[in-house]
Amino acid sequence: MTKVNAIIVDDEVNNVDLLVHFLTQYCPDINIIGKATTKSEGVSLVNELKPELLFLDIMLDQGTGFDLLEEVTFNETKIIFVTAFDEFAIKAFKYNAVDYILKPIEIDQLIKAVEKACLDISHHKFTERHQVQNLYRTVTNNNLPLNLIAIPSKDKIDFVKIEDIIYIKSEGRYSIFNLKGNKQIVATKNLGEYETMLDANTFFRIHNSYLINLTKVLSINKSGGNYCVMENSEQLPIAKRRQDQLHRFLKIK
């Protein structure tokens, strides 16, 4: 299991050190990435490091742990309150606390609280990952409005208007979309997949390396090697074996 990144916020250094010791000894799934002894330090650390788990005292130097939670902008952290005050438990759970541990800390209670937090975090990651995968499957299966196509690249998925595609060039296992405005997108699918995906009445494979948008063709030069002049002024070769098929398709032969 991947370790859970955690931050400790407590206004007493001894309490911080003790909790670090307990977590190191008994909770090997916890990776402590930050410690703070003031509310302002805690707010900064949470916003900067975005921990998965926060061990938080109630009474801090400049207010309370609740004040800290109101001030942070990153709010996806699971919280375990560790405090000497039992009267704030109900309020703590209004902040979706995983657990509320009273000082002095009982090891068994700490272990159970951490296990519960790790389980919640693991479940959240699993759910989030599947949501992303479902989105990816949806968009890459082309279940989109008819005027859009999803183009997956290494780092993201672009949503492009089909009318903006001038042509697509094959680059081995990849495809390069050449779009209006001299924009290019390198897709992680091969050209053959896009040939079957796009409307055959609009897109034509003029060459093993080129799938063109016929609405973006300015002219077809029949001399000097047969090539298409595209809207962006590029000249794309028409393979000999596809010339007759293209001419019949365009009803010019």
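Which elements each supply at least two residues of the lining of the largest pocket? Keep that in mind while loading the model, which is a predicted one.

**Stop 1: the largest pocket**

Select α3 (65–71) and β6 (78–83), since these are the elements to look at here: each contributes at least two residues to the lining of the largest pocket. The volume of this pocket is about 260 Å³. Its lining counts 14 residues, and those closest to the centre are Leu-69, Asn-75, Thr-77, Ile-79 and Tyr-95. Show these five as sticks and centre the view on them. By class, the lining of the largest pocket is made up of 8 nonpolar, 4 polar and 2 charged residues.

**Stop 2: the cavity**

Rolling a probe the size of a water molecule over the atoms shows where empty space is left. How many cavities of 30 Å³ or more are there? The count is 1. The largest cavity holds about 50 Å³ of space. Three elements give two or more residues to its lining: β1 (4–9), α1 (13–26) and β3 (53–56). To see the lining of the largest cavity, select the following residues:

- Ile-8, Val-9 and Asp-10
- Asn-15 and Leu-19
- Phe-55, Leu-56 and Asp-57
- Val-82, Lys-103 and Ile-105

Sorted by class, the lining of the largest cavity has 7 nonpolar residues, 1 polar residue and 3 charged residues.

**Stop 3: the cis bond at Pro-104**

Stay with Lys-103, one of the residues lining the largest cavity. Its peptide bond to Pro-104 is cis, with omega near -5°. Pro-104 belongs to the loop between β7 (97–102) and α5 (107–140). Is Pro-104 buried or exposed? Its relative accessible area is 73%, and the cut-off for exposed is over 50%, so Pro-104 counts as exposed. Now draw a distance from the C-alpha atom of Pro-104 to that of Asn-15. The two residues are 89 residues apart along the chain, and their C-alpha atoms are separated by 9.5 Å. Asn-15 is also among the residues that line the largest cavity.

**Stop 4: the β8–β9 hairpin**

Move along the chain to strand β8 (residues 148–152). Of its 5 residues, 4 are buried, which leaves the strand mostly covered. A hairpin of 4 linking residues joins β8 to β9. The two strands run antiparallel and pair over 5 bridges. To check the register, select Leu-148 and then Lys-161, its bridge partner in β9.

Next, pick out Asp-158, which sits in strand β9 (residues 157–161). Which residues does Asp-158 touch, not counting those up to four places away in sequence? The contacts are Ile-149, Ala-150, Ile-151, Ser-153 and Ile-185. Asp-158 has a relative accessible area of 15%; because buried means under 20%, Asp-158 is classed as buried.

**Stop 5: the five-stranded sheet**

Strands of a sheet pair through backbone hydrogen bonds, either parallel or antiparallel. Colour the strands of the next sheet one by one. The sheet is open and has 5 strands, in the order β12-β11-β10-β14-β13, with antiparallel pairing. Which strands stand at its edges? They are β12 (183–187) and β13 (203–207); each has a single partner strand, so one side of each is left without a neighbour in the sheet. From one strand to the next, the twist averages 20°.

Within this sheet, zoom in on strand β10 (residues 165–171) and strand β11 (residues 174–179). This pair is antiparallel and is held over 6 bridges. Ile-165 has Leu-179 as its bridge partner in β11.

**Stop 6: two residues with positive phi**

Finish with two loop residues. Asn-182 lies in the loop between β11 and β12. Although Asn-182 is not a glycine, its phi is positive, at about 60°. Asn-182 is exposed, at a relative accessible area of 73%.

Then select Ser-233, in the loop between β16 (227–230) and β17 (235–237). What is the phi of Ser-233? The value is near 75°, which is positive in a residue other than glycine. Ser-233 counts as exposed, with 57% relative accessibility.

How values were computed
Residues numbered from 1 in each chain as written. Predicted model: local features only at pLDDT ≥ 70, side-chain atom pairs only at ≥ 80, totals over all residues. Heavy atoms only, no water. 1 Å grid on protein atoms, 1.4 Å probe; cavity = no way out; pocket = protein on both sides within 12 Å on 5 of 7 lines; lining within 4 Å. Points joined across faces, edges and corners; volume = space filled by probe spheres on them. Nonpolar A, V, L, I, M, F, W, Y, C, P; charged D, E, K, R; others polar. Buried < 20%, exposed > 50% of the residue type's maximum accessible area, 1.4 Å probe, protein only. Contact = heavy atoms within 4.5 Å. Pairing = 2+ DSSP bridges. Axes fitted to C-alpha atoms, helices over the stretch in contact; angles between N-to-C directions.
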